[in-house]
Amino acid sequence: MRQMKHFSTTYSALRRRGRVAIGKQKNAFTSGAIVMFLIDAEGRVVTGRVMTGITVWTRFKDLDAFDGLAVGDLDPASARLSASTRRAVANARDNYLTVEAGGVPVEPPTPLMKVINRVDSKVGRAHSPAAPGTSRRTVRRRGSLAG
């Protein structure tokens with residue numbers, strides 16, 4: 001709850017100043033990361049904030065490595081960052097580009113879904129989202145009937 005309150009406070013403060021691009025990287029046993037970029041009218045980063053860690057005591061810190069750069073051209077490898085922060089920056093860039101193209105950003109898979117997808121790919125099952133306008137088919141495992 002404390003971490004979510006800090007997230008809401010930081011997001012609200014940035015949102016009052018303009019548009020915000022958010023990226024996140026979730027991990028089960030290692031530190032995750034959330035980045036927020038305040039974006040100006042030309043699509044350039046005004047300021048960045050990052051929260052990385054695994055404890056509830058983690059707080060947002062300034063991330064000035066990308067200030068002044070176009071969000072669509074951000075290269076996470078150009079700055080010295082942790083792996084989870086680099087992936088969160090790439091996710092923020094991708095989310096920004098998706099929204100600018102008129103789409104809805106896709107939520108990254110949770111650590112549990114990453115494990116399930118990895119196991120299913122080894123076994124030969126693939127999870128694919130249903131195409132728009134089609135119904136989803138539920139697959140029950142271990143010999144149950146599919147509906």
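# Salt bridges, sheet and helices of the chain

Arg49 and Asp62 form a salt bridge in which the closest N and O atoms are 2.5 Å apart. Because Arg49 belongs to strand E3 and Asp62 to strand E4, this pair ties together parts that are 13 residues apart in sequence. Asp62 counts as exposed, at 57% relative accessibility. The model is a predicted one, and the rest of the text places this pair in the fold.

The protein chain holds 3 helices and 4 strands. Read from the N terminus, the order of elements is α-β-β-β-β-α-α. Of the 147 residues in the protein chain, 31% are buried. The accessible surface is about 10100 Å², and carbon and sulfur atoms account for 55% of that area. Among contacts with a separation of 6 or more, 44% are between residues 24 or more positions apart.

The strands make up an open sheet of 4 strands in the order E1-E2-E3-E4, with antiparallel pairing. E1 and strand E4 (61-62) are the edge strands, each pairing on one side only. Helix H2, residues 83-100, packs on this sheet and touches E1, E2 and E3. The direction of H2 makes about 135° with that of E1.

The pairing can be followed strand by strand. Strand E1 (residues 19-25) and E2 run antiparallel and are joined by 7 bridges. A hairpin of 6 residues leads from E1 to E2. Three residue pairs fix the register of these strands: Arg19 has Ile39 as its bridge partner in E2, Val20 stands opposite Leu38, and Ile22 is partnered by Met36. In a regular strand, side chains alternate between the two faces of the sheet.

How many of the residues of strand E2 are buried? Strand E2, residues 32-39, is mostly covered, with 7 of its 8 residues buried. E2 is also joined to strand E3 (residues 45-53) by 8 bridges, and these two strands run antiparallel. Ile39, the bridge partner of Arg19, stands opposite Val45 in E3. The hairpin of E2 and E3 has 5 residues between the strands, and Gly43 in that hairpin takes a positive phi near 85°.

After the sheet comes the loop between E4 and H2, where Leu74 lies. Is Leu74 buried or exposed? Leu74 has a relative accessibility of 3%, so it counts as buried, the cut-off being under 20%. Beyond its neighbours within four places in sequence, Leu74 is in contact with Phe37, Val45, Phe66, Leu69, Val89 and Arg93. Val45, one of these contacts, is the residue of E3 that stands opposite Ile39. The C-alpha atoms of Leu74 and Ala90 are separated by 7.5 Å, although the two residues are 16 residues apart along the chain.

Arg93, which is in contact with Leu74, also takes part in a salt bridge. Its partner is Asp94, and the closest N and O atoms of this pair are 3.3 Å apart. Arg93 counts as buried at 19% relative accessibility, whereas Asp94 is partly exposed, with a relative accessible area of 38%.

The count of salt bridges comes to 3. Besides the pairs of Arg49 with Asp62 and Arg93 with Asp94, there is one between the side chains of Arg19 and Glu100, with an N to O distance of 2.8 Å. Arg19 lies in strand E1 and Glu100 in helix H2, so the pair ties together parts that are 81 residues apart in sequence. Both residues are partly exposed: Arg19 has a relative accessible area of 35%, and Glu100 one of 45%. Arg19 thus appears in two roles, as the bridge partner of Ile39 in the sheet and as a member of the salt bridge with Glu100.

The last region is helix H3, residues 111-123, which includes Val123. Val123 is exposed, with a relative accessible area of 53%. Together with Val115 and Val119, Val123 makes a nonpolar surface patch of about 250 Å².

How values were computed: Residues are numbered from 1 along each chain as its sequence is written. This is a predicted model: local features need pLDDT of at least 70, side-chain atom pairs count only at pLDDT 80 or more; totals for chains, interfaces and linings use all residues. Side-chain values use heavy atoms; hydrogens and water are left out. Buried means under 20% relative accessible area, exposed over 50%, partly exposed in between (1.4 Å probe, protein chains only). Two strands pair if DSSP finds at least two bridges between them. Patches are made of residues with over 30% relative accessible area and no salt bridge: like charges are joined within 9 Å, nonpolar side chains (Val, Leu, Ile, Met, Phe, Trp, Tyr) within 5 Å. Accessible areas come from the Shrake-Rupley method with a 1.4 Å probe; for residues, only the protein chains shown count as cover. A salt bridge is a side-chain nitrogen of Lys or Arg within 4 Å of a carboxyl oxygen of Asp or Glu. Contact means heavy atoms within 4.5 Å. Axes are lines fitted to C-alpha atoms, for helices over the stretch in contact, and angles run from 0 to 180 degrees between N-to-C directions.
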